[in-house]
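Here are some notes to help you find your way around this one. Have the structure open while you read, and take the points in order.

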Amino acid sequence: MYVYDKLFSQYNHTVAQILLTGADLEQEERRKNFCDTLFRLPELGALPIVNENDTVVTDEIGIGDNDTLAAIVAVHAKAELLVLLSDIDGLYTADPHRHTGAKLISSVPELTPEIWKLAEGKGSELATGGMTTKLGAANIVTSHGCDMIITNGKKPSVLYDIVEGIPVGTRFLGKEQTK
């Protein structure tokens, strides 16, 4: 949090940390408290930084990975778009590290079995889930009507492109929600 605080303060932004466990989302009152906090912090001028509460979490109540955590937060925040920054430009027709002919898939209207097969496990030794967890996150948010983009975090300018509506990475389209 010190690093977030230091970096955001350079731009005159205040940050506040929210620590979550799976139980916080499963129990109605705790979930409501999380949502209330998530919406109240920006009203108070603070940007929420959400992390899994690793100090108290066990496997039984854990969320498990940052992609899933981001998806859960996006759903509870009623976000229109979730952006996952990765070490790769998006979802490819094959692993581009192993297949030179792999092509970037720019849009995924539906998570079909064929799309799931493209997730070949961890992308790097530092990854905890690679494309599989990203597709899991896409499944969570798109089922709630939220779009998701996977793009390369080594190119921070892509965030400006996204705001400008310029296509980058792979966009997963949220399903229409009936009211």
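1. Start with the faces of strand β5. Asp 147, Ile 149 and Thr 151 point one way, while Met 148, Ile 150 and Asn 152 point the other, and all of them are buried. Keep in mind as you look that this is a predicted model.

2. Put another way, β5, covering residues 147-152, is mostly covered up: 6 of its 6 residues count as buried.

3. Now for the partners of β5. Strand β3 (residues 81-86) runs parallel to β5 and is joined to it by 6 bridges. If you want a spot to check by eye, look for Leu 85, which sits opposite Thr 151.

4. Strand β6 (residues 170-172) pairs with β5 too, but in the antiparallel sense, over 3 bridges. Here the pair to look for is Met 148 facing Phe 172 of β6.

5. Those two turn up again in the largest nonpolar core. This core has 24 residues, and the ones touching the most other members are Leu 82, Leu 91, Leu 135, Val 141, Met 148 and Phe 172. Which elements supply at least two residues each? They are α4 (66-76), β3, α6 (130-142) and β5. The largest share comes from α6, with 5 residues.

6. Val 141 is worth a click. Leaving out neighbours within four places in sequence, Val 141 is in contact with Ala 71, Ala 74, Val 75, Leu 82, Cys 146, Asp 147 and Met 148. So that you don't lump everything together: there is another core, apart from the largest one, with 13 residues, among them Ile 18, Cys 35, Leu 38 and Leu 69.

7. On to the empty space. The largest pocket holds about 950 Å³. Its lining is made up of 20 residues, and those nearest the centre are Pro 48, Ile 49, Ala 70, Leu 82 and Val 83. You'll recognise Leu 82 from the core, where it is listed among the residues touching the most other members.

8. Which element gives the most to this lining? That would be α4, with 6 residues. At least two residues each come from α1 (2-9), β2 (46-52), α4 and β3. Both α4 and β3 also supply at least two residues each to the largest core.

9. Last, the character of that lining: 17 of the residues are nonpolar, 2 are polar and 1 is charged.

How values were computed
Residues are numbered from 1 along each chain as its sequence is written. This is a predicted model: local features need pLDDT of at least 70, side-chain atom pairs count only at pLDDT 80 or more; totals for chains, interfaces and linings use all residues. Side-chain values use heavy atoms; hydrogens and water are left out. Buried means under 20% relative accessible area, exposed over 50%, partly exposed in between (1.4 Å probe, protein chains only). Helices (H or I, at least four residues) and strands (E, at least two) are DSSP runs, numbered from the N terminus. Two strands pair if DSSP finds at least two bridges between them. A nonpolar core is a set of buried Ala, Val, Leu, Ile, Met, Phe, Trp, Tyr and Cys residues joined through side-chain atoms within 4.5 Å. Contact means heavy atoms within 4.5 Å. On a 1 Å grid over the protein atoms alone, a cavity is a set of points where a 1.4 Å probe fits but cannot get out, and a pocket is an open set with protein on both sides within 12 Å along at least five of seven lines; lining residues have an atom within 4 Å of a point. Grid points are joined across faces, edges and corners, and a volume is the space filled by probe spheres set on the points. Ala, Val, Leu, Ile, Met, Phe, Trp, Tyr, Cys and Pro count as nonpolar, Asp, Glu, Lys and Arg as charged, and the others, Gly among them, as polar.
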